[in-house]
Amino acid sequence: MDAFTVLDGLVAPLDRANVDTDAIIPKQFLKSIKRAGFGPNLFDEWRYMDQGEPGKDSSGRPLNPDFVLNQPRYQGASILLARENFGCGSSREHAPWALFDYGFRCIIAPSFADIFFNNCFKNAILPVVLNENIVDDLFIRVFKQPGFMLKVDLSVQTVEFPDGEKAQFEVEAFRKHCLLNGLDDIGLTLEKAEEIKLYEKRRRIEAPWLFDPVA
């Protein structure tokens with residue numbers, strides 16, 4: 001998993017509350033368990049003017065010019081600014097997969113759905129909870145200033161505005177450790193690889209019958 005340390009990123013504003021996971025990545029695209037390839041269908045029903053289908057090349061599909069991610073000023077954004085209860089609905093892990101594959105590494109919102117919040121940390125995305133008043137102010141700034149950037153520093157847990165003002169955010173210590181070091185569940189397990197090998201070697205001596213092939 002990619003580590004997250006400091007991100008200087010362009011901000012894209014998604015000014016909608018209660019964005020659910022079916023809006024993030026519609027159900028018809030949940031046909032693969034590979035983490036890559038979902039970016040073109042992120043927010044598919046809002047992003048395109050036609051019906052999206054699995055395996056369909058999205059490069060030539062008609063874009064909705066009113067949708068924020070299709071506007072030139074937000075191209076290349078790596079920080080998504082959202083409203084309350086972002087990621088509600090089903091527990092599909094494809095939602096953070098699609099966001100990451102598109103290029104988002106951080107989502108800022110007043111609140112997140114619990115399962116989506118947890119899934120972000122497992123997929124190299126930092127979900128930042130900020131006070132609703134701060135989020136309101138950020139929306140005003142983003143809409144007013146093209147090319148609005150933020151600096152998100154996980155090590156000191158701050159979001160820094162272009163004028164140097166900073167907002168502090170909370171993050172649980174274990175999740176912070178995993179993101180800073182690029183450790184998902186598999187990575188955490190592999191940190192114990194030598195201990196696992198020693199255990200298996202000892203277990204073969206203690207209970208060899210467990211390892212004998214079935215006749």
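1. Ala-124 sits in the loop that runs between helix H4 (114-121) and strand S4 (126-129). Its phi is positive, about 65°, although the residue is not a glycine. The model is a predicted one, and the backbone angle should be read as a property of that model.

2. Is Ala-124 buried or exposed? With a relative accessibility of 1%, Ala-124 counts as buried, because the cut-off for buried is under 20% relative accessible area. The positive phi of Ala-124 therefore belongs to a loop residue that is buried.

3. Which residue lies 6.4 Å from Ala-124, C-alpha to C-alpha, at 55 residues along the chain? That residue is Leu-179, which is part of helix H6 (residues 173-181). Ala-124 is also among the residues in contact with Leu-179. The loop between H4 and S4 is thus linked to helix H6 through this pair.

4. Leu-179 has a relative accessibility of 0% and so counts as buried. Neighbours within four places in sequence aside, the residues in contact with Leu-179 include Met-1, Asp-2, Ala-3 and Phe-4. Phe-121, Ala-124, Ile-125 and Leu-126 are also in contact with Leu-179, as is Leu-154. Of these, Phe-121 has a number within the range of helix H4 (114-121), and Leu-126 one within the range of strand S4 (126-129).

5. A second non-glycine residue with positive phi is Asn-85, at about 60°. Where is Asn-85 placed? Its place is in the loop between strand S2 (79-81) and helix H3 (94-102). Asn-85 is partly exposed, with a relative accessible area of 26%, because that value falls between the cut-offs of 20% and 50%. Ala-124, by contrast, counts as buried.

6. For the protein as a whole, the secondary structure consists of eight helices and seven strands. The C-alpha trace spans about 70 × 45 × 25 Å along the principal axes. Of the 215 residues, 44% count as buried. Among contacts with a separation of 6 or more, 65% come from residues 24 or more positions apart; the pair Leu-179 and Ala-124, 55 residues apart, is in contact.

7. On surface and charge: the accessible surface comes to about 11,600 Å², and 53% of it belongs to carbon and sulfur atoms. The side chains include 25 positive and 32 negative ones. The centres of these two sets lie 4 Å apart.

Note on methods. Residues are numbered from 1 along each chain as its sequence is written. This is a predicted model: local features need pLDDT of at least 70, side-chain atom pairs count only at pLDDT 80 or more; totals for chains, interfaces and linings use all residues. Side-chain values use heavy atoms; hydrogens and water are left out. Helices (H or I, at least four residues) and strands (E, at least two) are DSSP runs, numbered from the N terminus. Buried means under 20% relative accessible area, exposed over 50%, partly exposed in between (1.4 Å probe, protein chains only). Contact means heavy atoms within 4.5 Å. Accessible areas come from the Shrake-Rupley method with a 1.4 Å probe; for residues, only the protein chains shown count as cover. Lys and Arg count as positive and Asp and Glu as negative; His and the chain ends are not counted. The place of a charge is taken as NZ of Lys, CZ of Arg, CG of Asp or CD of Glu.
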